[in-house]
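Student: Could you take me closely through one part of this structure, the surroundings of its aromatic side chains, and then follow the connections outward from there?

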Amino acid sequence: MKNDDDENSIFKTRLKRLTHEYEQLLSLKNKPIEESHGIFERYSHPVLTDQHIPLSWRFDLNPSQNPYLLERLGINSVFNPGAIKWGDKFVLIARIEGKDRKSFFAIAESQSPVDGFHFRKRPLVISELADPDINIYDIRLTSHEDGWIYGVFCTERKDSEAPETDSSSAVTQAAICRTKDLEHWERLDDLQTPSEQQRNVVLHPEWIDGKYAFYTRPQDSFIVPGSGGGIGWGLASDIEHAKIEDETILDPKTYHTVKELKNGEGPTPIKTGEGWIHLAHGVRNTAAGMRYVLYLYVTDLREPWKVIYEPGGYLISPHGAERVGDVSNVVFCNGWIRDHDDRVYIYYGSSDTRVHVAVSSVDRLLDYARNTPADEGRTLKSTEQRLDLIEKNRQYLKEHG
């Protein structure tokens, strides 16, 4: 039998090793990976993983209570963060999923946009409403012109109308909270819309006719959009008890495209002199299950419910190791940051497991959106687009050598 000294030695040895590995991970420098398409650069390492979670959130560090230093509250994954620039720091509010499947939010920050992210001392505490959340996730952050920073996130509850034998059906709605310091969050009423369920809702950062504007994603059920689907638009007079009376679709799901099964808004759109840049996720079904990619579109500067550029295809798809994880073949983004030099840092989750960063710029994204042909829906038209490009290049090379 092991005595107290043996157990104490085990504890100290493990703690020393875990602490060293944790410190090494947090000091790891990230390097860009040049992409042949030129639209953005990926980086060699994820910016957040389950191993970035502080040891004190996972282990009981009292050797008398945990002599073998066993993990008490495990972490399954860290992914899908909201993002904002706060002073001189890049701030991510990550979705952290415990091994019990419950997600919570926590702030990780760094003075570098691509590495060195450290979590603050404690996770965020988001208060419940009268009908408690079973799970919350995927927060979008909007710095609104009313002076508040809003977090719009998904709240999930069990479907009370499901048969007793059905223990998986859920109802999702858009929950809203707000803050002025990223520390203290005020929970507001859930958004009300004409749709039975809502996910991937984003608050527009400016007033529209004196009202709060939302990008929505109506659904008939938890998984399948049904008669709903597409990215919607609606206005609410009061943010504390937000209610949309009229919901219209500005970007519908479309057969045999990257958004065939469903699509939803990503982070808060970026305002430019040419229009609002939007990043969204599109989903199609495959023999291997649902495949999530990210695509771009641009809406009118003064009428942001009107699409002006809609490049065909996807911007980012799962690549290499990003394809493998808790829910494979998925990339998802609900947070990006436009810095003072117009660089755009896109923070995206891969396979519901980890967080990566891709870096582009406002000019590059606008050029991509403006000059990439739209998906015209048929193979012949797609082939003609490619033939047009080939012919243009042939003529140019002929004239310019």
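**From an aromatic pair to the sheet**

Tutor: Trp57 has a relative accessibility of 14% and therefore counts as buried, the limit for that label being under 20%; this is a predicted model, and the description should be read accordingly. Trp57 belongs to one aromatic cluster together with Phe104 and Phe119, and Phe119 is buried as well, with a relative accessible area of 10%.

The structure holds 10 aromatic pairs. In the one formed by Trp57 and Phe119, the ring centres lie 5.6 Å apart and the planes meet at 50°, so the pair is tilted. This pair links distant parts of the chain, since Trp57 sits in the loop between E2 and strand E3 (75-86), whereas Phe119 belongs to strand E6 (residues 118-119), 62 residues apart.

Another pair is made by Phe117 and Tyr347, whose ring centres are 6.2 Å apart with planes at 85°, so that this pair is edge-to-face. Because Phe117 lies in the loop between strand E5 (103-110) and E6, while Tyr347 is in strand E23, the contact ties together parts that are 230 residues apart in sequence. Both partners are covered: Phe117 is buried, with a relative accessible area of 1%, and Tyr347 counts as buried at 0% relative accessibility.

Tyr347 leads us to the sheet, for its strand, E23 (residues 343-350), pairs with strand E24 (residues 354-361) in the antiparallel sense over 8 bridges. Within that pairing, Ile346 has Ala358 of E24 as its bridge partner. Helix H2 (residues 362-371) packs on the sheet, where it touches strand E2 (41-43), E22, E23 and E24, and its direction makes about 85° with that of E24. The sheet itself is open and consists of 5 strands, ordered E1-E2-E24-E23-E22, with antiparallel pairing. At its edges stand strand E1 (32-33) and strand E22 (331-338), and because each has a single partner strand, one side of each is left without a neighbour in the sheet.

Some aromatic rings are also accompanied by a charged side chain. Lys85 lies over the face of Phe90, at 4.5 Å from the ring centre, and Lys180 lies over the face of Trp148, at 4.7 Å from the ring centre.

Elsewhere in the chain, strand E19 (residues 276-286) offers a further example of covered residues, for 8 of its 11 residues are buried. Strand E17 (residues 262-265) runs antiparallel to E19 and is joined to it by 4 bridges, with His281 in E19 as the bridge partner of Gly264. E19 also pairs in the antiparallel sense with strand E18 (residues 270-271), over 2 bridges; E18 and E19 form a hairpin with 4 residues between them, and in its turn Gly275 has a positive phi of about 155°. With strand E20 (residues 289-299), E19 shares 11 antiparallel bridges, Val283 standing opposite Tyr292 in E20, and these two strands form a hairpin with 2 residues between them.

A last point concerns covalent links between cysteines: the structure holds 0 disulfides. The sulfur of Cys154 lies 13 Å from the closest cysteine sulfur, that of Cys177, which is too far for a bond. Cys154 counts as buried at 5% relative accessibility, and Cys177 is buried too, with a relative accessible area of 1%.

Terms used:
Residues are numbered from 1 along each chain as its sequence is written. This is a predicted model: local features need pLDDT of at least 70, side-chain atom pairs count only at pLDDT 80 or more; totals for chains, interfaces and linings use all residues. Side-chain values use heavy atoms; hydrogens and water are left out. A disulfide is a pair of cysteine sulfur atoms within 2.5 Å. Buried means under 20% relative accessible area, exposed over 50%, partly exposed in between (1.4 Å probe, protein chains only). Two strands pair if DSSP finds at least two bridges between them. Contact means heavy atoms within 4.5 Å. Axes are lines fitted to C-alpha atoms, for helices over the stretch in contact, and angles run from 0 to 180 degrees between N-to-C directions. Rings of Phe, Tyr and Trp (its six-membered ring) pair if their centres lie within 6.5 Å; planes under 30 degrees apart count as stacked, over 60 as edge-to-face and the rest as tilted. A charge sits over a ring if NZ of Lys or CZ of Arg is within 6 Å of the ring centre and within 35 degrees of the ring normal.
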